[in-house]
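User: I would like a close look at one part of this model, set against the protein as a whole. Please take it slowly and keep the answer connected.

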Amino acid sequence: MSDLVIEKVNPNKALWEKGDFTRIADTMRQSGEELVSTLGITPSMNVLDLGCGDGTTALPAAKIGATVTGVDIAANLVAAGNRRASAAGLTNLHFREGDASNLEGIDSDKYDLVVSVFGAMFAPRPFDVASEMVRVTKPGGRIVMGNWIPGDPTLVAQILKISAAYTPPPPEGFVSPMTWGDEDKVRERFEAAGIAPENVRFERATWYFRVPGQPAELLAIFRNFYGPTMNAFEAAAKAGKSEQLERELIDLFVAQNKGVERTRNPATFLKVTATKS
């Protein structure tokens with residue numbers, strides 16, 4: 001009789017494969033292009049997009065002419081990214097599975113630019129994440145992260161805060177991804193990875209989620225396709241509180257909408273730039 005092999009579930013992988021983040025990404029395309037336009041990317045560059053999803057920032061970078069590798073923990077998003085690259089005729093863009101905490105198979109000192117927009121911040125073991133990002137960056141190269149900010153009053157930080165109130169407490173030792181929005185903690189992590197504090201810069205920037213319809217349509221996309229929100233609704237339903245959660249969220253989405261005939265919800269994020277000596 002053969003031994004039964006039970007694979008240990010990676011909770012981070014399960015979270016991002018649970019929904020269909022491509023549906024969220026569809027509301028973010030313009031913001032992805034706008035951010036990439038600020039990064040000084042040139043065709044000669046080798047770029048790594050970490051926690052890339054289906055390519056919201058990877059595709060615009062590749063369209064400039066850079067050689068781009070997208071890495072994501074979710075197999076469905078990697079497959080979706082490769083389909084998008086193929087459809088766009090981008091032979092200089094390739095997506096592969098990988099864990100930001102352990103970039104196994106990626107050479108050291110390889111990339112001119114490592115980008116991670118709301119991606120690597122969700123990986124466990126943040127000191128390992130910082131170390132791996134620094135390791136694969138060339139001397140003189142840059143790491144640019146976009147991270148949600150704890151306690152921020154705008155959309156995504158508030159979605160995550162509201163959702164957390166309906167879900168079970170995290171396991172012991174869990175480090176909140178929102179700590180990547182704390183400048184002191186980010187500086188500490190990169191310093192431990194060999195980046196001098198003066199080589200880490202911060203600025204606040206705005207990301208927009210856009211849909212042609214009403215805020216309720218944007219909320220429906222988050223409810224049906226965004227892993228953290230899906231988990232919150234499942235837990236709320238078990239407690240008989242799903243209507244309460246929906247009311248809190250729809251009030252948030254409506255209050256924060258800046259659009260007139262369409263929905264345009266802003267979210268403030270921390271843009272981190274770390275330069276490797």
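Is Phe118 buried or exposed, and what is its relative accessible area?

Analyst: Phe118 is buried, because its relative accessible area of 12% falls under the 20% cut-off. The model is a predicted one, and what follows should be read with that in mind.

Phe118 sits in the loop that runs between strand β4 (111–117) and helix α6 (126–136). Its backbone deserves attention, since phi of Phe118 is near 55°, a positive value in a residue that is not glycine. Most residues other than glycine have a negative phi. Arg125, which is also found in the loop between β4 and α6, likewise has a phi near 55°, again positive in a residue other than glycine. In terms of exposure, Arg125 counts as partly exposed, because its relative accessibility is 43%, whereas Phe118 is buried.

The same loop, between β4 and α6, holds Gly119, and this glycine is buried, with a relative accessible area of 16%. Leaving aside residues up to four places away in sequence, Gly119 touches Leu50 and Gly51. A further link across the sequence is the one to Asp72: Gly119 and Asp72 are 47 residues apart along the chain, and their C-alpha atoms are 8.1 Å apart in space.

Beyond the loop, a useful residue to examine is Thr137, which is placed in strand β5 (residues 137–148). Thr137 is buried, its relative accessible area being 0%. When residues up to four places away in sequence are not counted, Thr137 touches Asp109, Lys110, Tyr111, Val114, Arg142, Ile143 and Lys276; among these partners, Tyr111 and Val114 fall within the range of β4 (111–117).

Asn82 offers a view of another part of the protein, for this residue lies in helix α5 (residues 75–87) and counts as partly exposed at 26% relative accessibility. Apart from residues up to four places away in sequence, Asn82 touches His94 and Phe95. The C-alpha atoms of Asn82 and Asp54 are separated by 7.7 Å, although the two residues are 28 positions apart along the chain.

Turning to the interior, the largest nonpolar core has 87 residues, and the members that touch the most others are Leu93, Met133, Trp148, Trp180, Phe190, Trp207 and Phe209. Helix α7 (residues 155–164) gives this core its largest share, 6 residues. Leu93 touches Ala58, Leu59, Ala62, Val68 and Ala85, again without counting residues up to four places away in sequence.

As for the whole, the protein has 11 helices and 7 strands. Its radius of gyration is 19 Å, which agrees with the value near 19 Å that a compact globule of 277 residues would have, and its C-alpha atoms fill a box of roughly 60 × 55 × 40 Å along the principal axes. Of the 277 residues, 52% count as buried, a group to which Phe118, Gly119 and Thr137 belong. Among contacts with a separation of 6 or more, 78% are made between residues 24 or more positions apart. On the outside, the protein exposes about 13100 Å², of which carbon and sulfur atoms supply 51%, and the mean positions of the 30 positive and 34 negative charges are 3 Å apart.

Key
Residues are numbered from 1 along each chain as its sequence is written. This is a predicted model: local features need pLDDT of at least 70, side-chain atom pairs count only at pLDDT 80 or more; totals for chains, interfaces and linings use all residues. Side-chain values use heavy atoms; hydrogens and water are left out. A nonpolar core is a set of buried Ala, Val, Leu, Ile, Met, Phe, Trp, Tyr and Cys residues joined through side-chain atoms within 4.5 Å. Buried means under 20% relative accessible area, exposed over 50%, partly exposed in between (1.4 Å probe, protein chains only). Helices (H or I, at least four residues) and strands (E, at least two) are DSSP runs, numbered from the N terminus. Contact means heavy atoms within 4.5 Å. The radius of gyration is taken over C-alpha atoms; the globule rule is 2.2 Å times the number of residues to the power 0.38. Accessible areas come from the Shrake-Rupley method with a 1.4 Å probe; for residues, only the protein chains shown count as cover. Lys and Arg count as positive and Asp and Glu as negative; His and the chain ends are not counted. The place of a charge is taken as NZ of Lys, CZ of Arg, CG of Asp or CD of Glu.
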